[in-house]
Amino acid sequence: SSGGAGTSGTRFDLERETELRFEVETGERVQLELFSGMAEVFGSELNRNKKYTFGPGSKIAVFTWHGCTVALSGKTEVAYVSKDTPMMLYLNTHAALEQMRRQAEKDNERGPRVMVVGPTDVGKTTLCRVLLNCAVRLGRRPTLVELDVGQSSISVPGTMAALCIERPADVEEGFSVQAPLVFHFGSTTPGTNIKLYNKLTSSLAEVFSQRCEVNRKASVGGCIINTCGWVKGSGYQALVHCASAFQVDVVLVLDQERLYNELKRDLPHFVRVVLLPKSGGVVERSKDCRRESRDEKIREYFYGFRGTSFYPHAFDVRFSDVRIYKIGAPSIPDSCLPLGMSQDDTQLKLVPVSPGRDLTHHVLSVSSVEDESEVGAGQSRGILESPVCGFIVVTAVDTQAQVMTVLSPAPRPLPRHTLLIMDIRFIDLK
Ligand code: ADP
Ligand code: MG
């Protein structure tokens, strides 16, 4: 077997505890097949003699405990075998978490709440996936909490969400997303509105805790919290806030010793802070690459995986039938704030948006809040705390006729009429 770029059918014989890493070229697809032995992709087991297809830009590792033979066909940018993988350390981490779950079961306590942190491109999302897969394969029901508003593994970008994991991630598609709890944040960086970010973190923690009170399996399963790569200043404070909101027991710090030391210093002594190395396989992604995967995530929401499973609808919505808000008024100097008002109030304020041409291409969240609920002068209560029930994209605006055309996963009418605007745009090329 040989590494390097290949066009068809390159075989790889992997020794025990090694991994085959490959990247798919832009515009290409690569097929992976397991011939003998056992292997897994980020904690999901491969079936023998089944072809798995990976799309452009995918960066994959096929790991084996006891050795295996696999083949790749299609254009890979790189493909090589590495003996130097942190998988054993990740698995030890899983074993420690599982021990905590067993203890929790015995003592009628709650299972481990784990926060995964580190700068961008260190394998945070991948580690979460490995840990969740390992847990669910043992029959646990852990919850994935996704706080990365730039690259969400649960919903579209600009959201914060939680998902109960009931089966291992699909090798190609990732975790199956049924009935997630999703909140609207509205932009791809927490810094756009850090007050809102922290507030929604608290909301997610509250809902998760309530669920744990009534669902023993969820409580024992605990949660794995994925975070953003912004680990300085307010980004760091947001991690500390999250640890306290979720009453985190374990923090896994990938790759950065400084962050590890800061968290050890600032978190309560009973929180176990663990430094883990990043995998040499994790590749840095460019800005473009990240923008593309955000776009892909939105496309996936409307059209399904690889654009083939869902058929979205296009219809007109009258301006008079909806109320559109943006969360957060532009901040003004403290000295100019009206008496009794704080900066918090401006960041959490609902600002009515009058529909115009500049709405075009924006993603809007459809709030689950009841249409009849009161929205007094800037009163945000209810709407901020309400999850969203779906998303639409404005594809055209007719100011003359006072209607906008929207792309929606479901046919008309909209299930609710309170819409929250995102900074995020999506241009539907279908
Ligand atoms: P982060 O969440 O810290 O930004 P990710 O977990 O998303 O990082 O990893 C970045 C990229 O590297 C992803 O595309 C992921 O599939 C890939 N990757 C992770 N681990 C490996 C590995 N061992 N070999 C090859 N690619 C990997
Ligand atoms: Mg990530």
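Which residues line the largest cavity? In this predicted model, the lining consists of Leu 147, Pro 190, Tyr 197, Thr 227, Cys 228, Trp 230, Gly 235, Ala 238, Leu 239 and Cys 242. Helix H5, residues 233-245, gives the largest share, with four residues. Sorted by class, the lining has eight nonpolar and two polar residues. Charged residues are absent from this lining. The volume of the largest cavity is about 70 Å³. In total, two cavities reach 30 Å³ or more. Rolling a probe the size of a water molecule over the atoms reveals where empty space remains.

The ligand site was examined next. Ligand 1 is surrounded by 17 residues. The closest are Lys 59, Lys 124, Thr 125, Thr 126 and Arg 285. By class, this shell holds six nonpolar, five polar and six charged residues. Charged residues thus appear in the shell around ligand 1, whereas the lining of the largest cavity has none.

Several polar contacts involve ligand 1. Glu 19 places a polar side-chain atom 2.9 Å from a nitrogen atom of the ligand. At Lys 59, a polar backbone atom lies 2.7 Å from a ligand oxygen atom. The side chain of Thr 125 has an N or O atom 2.9 Å from an oxygen atom of ligand 1. On its own, ligand 1 has 560 Å² of accessible area, and the protein covers 89% of it. Three elements give two or more residues each to the shell: strand E2 (18-24), strand E7 (59-64) and helix H2 (124-137).

Strands E2 and E7 also belong to a sheet. This sheet is open and has five strands, in the order E5-E4-E7-E2-E9. The pairing is antiparallel. Strand E5 (44-45) and strand E9 (76-82) stand at the edges. Each has a single partner strand, so one side of each lacks a neighbour in the sheet. In the strand order, E7 and E2 stand next to each other, and both give residues to the shell around ligand 1.

The pairing of E2 with edge strand E9 was then considered. E2 and E9 run antiparallel and are joined by six bridges. Within this pairing, Glu 23 stands opposite Val 78 in E9. In general, strands of a sheet pair through backbone hydrogen bonds, in either a parallel or an antiparallel manner. Strand E2 therefore has two roles in this description: it pairs with E9 through six bridges, and it gives two or more residues to the shell around ligand 1.

Technical notes
Residues are numbered from 1 along each chain as its sequence is written. Chains are lettered from A and ligands numbered from 1 in the order in which they are written. This is a predicted model: local features need pLDDT of at least 70, side-chain atom pairs count only at pLDDT 80 or more; totals for chains, interfaces and linings use all residues. Side-chain values use heavy atoms; hydrogens and water are left out. A residue is near a molecule or strand if one of its heavy atoms lies within 4 Å of it. A polar contact is a pair of N or O atoms within 3.5 Å; within protein, one must be able to donate a hydrogen and the other to accept it, and residues adjacent in sequence count only if both atoms are side-chain atoms. Accessible areas come from the Shrake-Rupley method with a 1.4 Å probe; for residues, only the protein chains shown count as cover. Ala, Val, Leu, Ile, Met, Phe, Trp, Tyr, Cys and Pro count as nonpolar, Asp, Glu, Lys and Arg as charged, and the others, Gly among them, as polar. On a 1 Å grid over the protein atoms alone, a cavity is a set of points where a 1.4 Å probe fits but cannot get out, and a pocket is an open set with protein on both sides within 12 Å along at least five of seven lines; lining residues have an atom within 4 Å of a point. Grid points are joined across faces, edges and corners, and a volume is the space filled by probe spheres set on the points. Two strands pair if DSSP finds at least two bridges between them.
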